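Thanks for coming, everyone. Please have the viewer open, and let's walk through this one together.

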Amino acid sequence: PAEARIQGADFSAVFDKATGLLKSYIYEGTALIRTGLEPNFWRAPTDNDFGNSMPRRQGVWRKAGDNRTLDKFSVAQEGPGIVRVEALYTLIDVSSAYQVTYRIFGTSDIVVSVVLTPGKRGLPELPRLGMKMTLPAAFATVRWFGRGPHENYIDRKSSAFVGYYGASVFETLVPYVSIQEYGNRTDCRWAMLADRAGNGLLAIGLPWFDFSALPYTAEDLTQDSRGQKHPYEIAMRDFVSLSLDYGQMGVGSDDSWGAREHPQYRLTAQRYAYSFRIRGFAAGEDPAALVAGIR
C-alpha cells in the first residue's frame with residue numbers, strides 16, 4: 001500500500017510512504033490537518049533583513065525544506081501502544097540530512113522529533129528552524145501559554161510576559177506598511193487551535209517552542225525588495241498556516257540599513273535537535289489536563 005495507517009480508539013494518523021509526510025490526522029471524527037508537517041527554514045524578510053541583505057546572504061535556505069528527497073521511510077512497533085514512524089531526507093540545496101521521527105501513542109499523542117545535520121561547511125545562518133503545516137480555515141481560534149500578548153522574537157521579547165493568551169488568527173496580524181514576517185510567539189509551553197465547536201489541535205513543547213498561526217504562508221509575505229507589496233495586496237488564504245519552530249534568528253533593531261542581528265541571536269549552521277508533541281482534542285476536553293499527559 002502507498003499509505004501507512006495507524007489507528008486508535010478515537011483517532012487515526014495516515015502517512016504517505018512516497019513523501020514520508022503525515023497526510024491525515026483525524027480525532028473524534030474531525031479532520032485536523034490539511035497538509036502535514038514539513039521542514040521549514042525560511043521566514044519572510046523584515047525591513048531590517050532587507051537592510052542587511054539577509055535574502056541574498058541566507059537565501060539558500062528559502063527552498064531548502066521544499067527541495068528534499070526521501071531516502072528512508074520506516075514504520076515499526078516500538079512498544080505496547082507505541083508506533084514509531086521515521087523519515088530520513090536529504091535537503092538538496094544545502095546538502096544536509098534531515099530526520100523526522102514520529103512516535104504515535106494509543107492516547108492519540110504524536111511526539112515529533114527533528115534532527116538537522118548540515119552536510120557541508122560554509123553554510124550561512126538559518127533564518128528559521130522549524131516545521132510548517134496547514135489546518136482547515138475553521139481552526140481560527142488560537143490559545144497559548146507562552147510570551148504575549150503581542151508578537152515577540154528572541155531579541156524582542158522583554159515586554160512580552162509569559163502567560164495564558166488568546167486571539168483569532170486574524171487578530172495576530174500586525175499592520176506593517178510593507179508586508180514581512182510577523183506573528184511569532186516565543187517560549188511557548190503549549191498552543192492550541194480550535195474551531196467554533198471546540199474541536200482542535202494542541203501542540204506541546206518539549207520543553208518549549210516558538211509558533212505562529214496566520215492566514216498567510218511565509219512565501220505570501222516574502223517580497224523581492226523592501227516596500228514592493230502592502231497588506232491590502234495580499235489575499236488571505238482559505239486555511240491556517242501553522243509554524244512549530246525550534247526558533248528564528250533575531251529581527252534586529254539597531255538600524256534598518258545594514259546592522260545585523262547580534263551574534264547571540266543567530267542560528268548558525270550546526271546540528272540541531274528538537275521535539276514537540278501534538279494531539280487532537282474535542283469540545284469539553286481540558287487542554288491543561290492534556291498538556292500534563294505523556295512526556
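Start with the largest pocket. Its lining divides into 12 nonpolar, 8 polar and 7 charged residues. Keep in mind that this is a predicted model. The lining has 27 residues. Which of them lie nearest the centre of the pocket? They are Lys 132, Thr 217, Ala 218, Glu 219 and Ser 241. The volume of this pocket is about 400 Å³. Now find the elements around it. Strand 5, strand 10, strand 14 and strand 15 each give two or more residues to the lining.

On to the second largest pocket. Its volume is about 260 Å³. It is lined by 16 residues. Nearest the centre you will find Asp 187, Trp 208, Asp 210, Tyr 246 and Gly 247. Four elements give two or more residues here: strand 13, strand 14, strand 15 and strand 16. Which strand gives the most? Strand 14 does, with 5 residues. By class, this lining has 8 nonpolar, 4 polar and 4 charged residues.

Next, the core. In soluble globular proteins, nonpolar side chains tend to be buried together. Here the largest nonpolar core has 59 residues. Inside it, Tyr 102, Met 131 and Phe 211 have the most contacts. Let's take Phe 211. Leave aside its neighbours within four places in sequence. What does Phe 211 still touch? Its contacts include Val 142, Trp 144, Cys 188, Ala 191, Leu 242 and Leu 244. Gly 183, Asn 184, Arg 185 and Ser 243 are also in contact with Phe 211. There is a second, separate core too, with 9 residues. Among them are Tyr 153, Tyr 216, Leu 221 and Val 251.

Now the charges. How many salt bridges does the structure hold? The count is 18. I'll show you three pairs and one network.

Pair one is Arg 68 with Glu 38, at 3.1 Å from N to O. Arg 68 sits in strand 6, and Glu 38 sits in strand 5. They are 30 residues apart, so this pair links distant parts of the chain. Are these two residues buried or exposed? Arg 68 has a relative accessible area of 19%, so it counts as buried, because the cut-off is under 20%. Glu 38 is also at 19%, and it is buried as well.

Pair two is Lys 157 with Asp 187, at 3.0 Å from N to O. Lys 157 lies in the loop between strand 11 and strand 12, while Asp 187 lies in strand 13. The two are 30 residues apart in sequence, so the salt bridge ties those parts together. Lys 157 is partly exposed, at 22% relative accessibility. Asp 187 is buried, at 12%. You have met Asp 187 already, near the centre of the second largest pocket.

Pair three is Asp 220 with Arg 237, at 2.9 Å from N to O. Both residues lie in the loop between strand 14 and strand 15, 17 residues apart. Asp 220 is buried, at 16% relative accessibility. Arg 237 is partly exposed, at 39%.

Last, the network. Which residues are joined through shared salt-bridge partners? Glu 78, Arg 84, Glu 86 and Arg 103 form one network.

That's the tour. Over to you for questions.

Key:
Residues numbered from 1 in each chain as written. Predicted model: local features only at pLDDT ≥ 70, side-chain atom pairs only at ≥ 80, totals over all residues. Heavy atoms only, no water. Core = buried A, V, L, I, M, F, W, Y, C linked by side-chain atoms within 4.5 Å. Buried < 20%, exposed > 50% of the residue type's maximum accessible area, 1.4 Å probe, protein only. Contact = heavy atoms within 4.5 Å. Salt bridge = Lys/Arg side-chain N within 4 Å of Asp/Glu carboxyl O. 1 Å grid on protein atoms, 1.4 Å probe; cavity = no way out; pocket = protein on both sides within 12 Å on 5 of 7 lines; lining within 4 Å. Points joined across faces, edges and corners; volume = space filled by probe spheres on them. Nonpolar A, V, L, I, M, F, W, Y, C, P; charged D, E, K, R; others polar.
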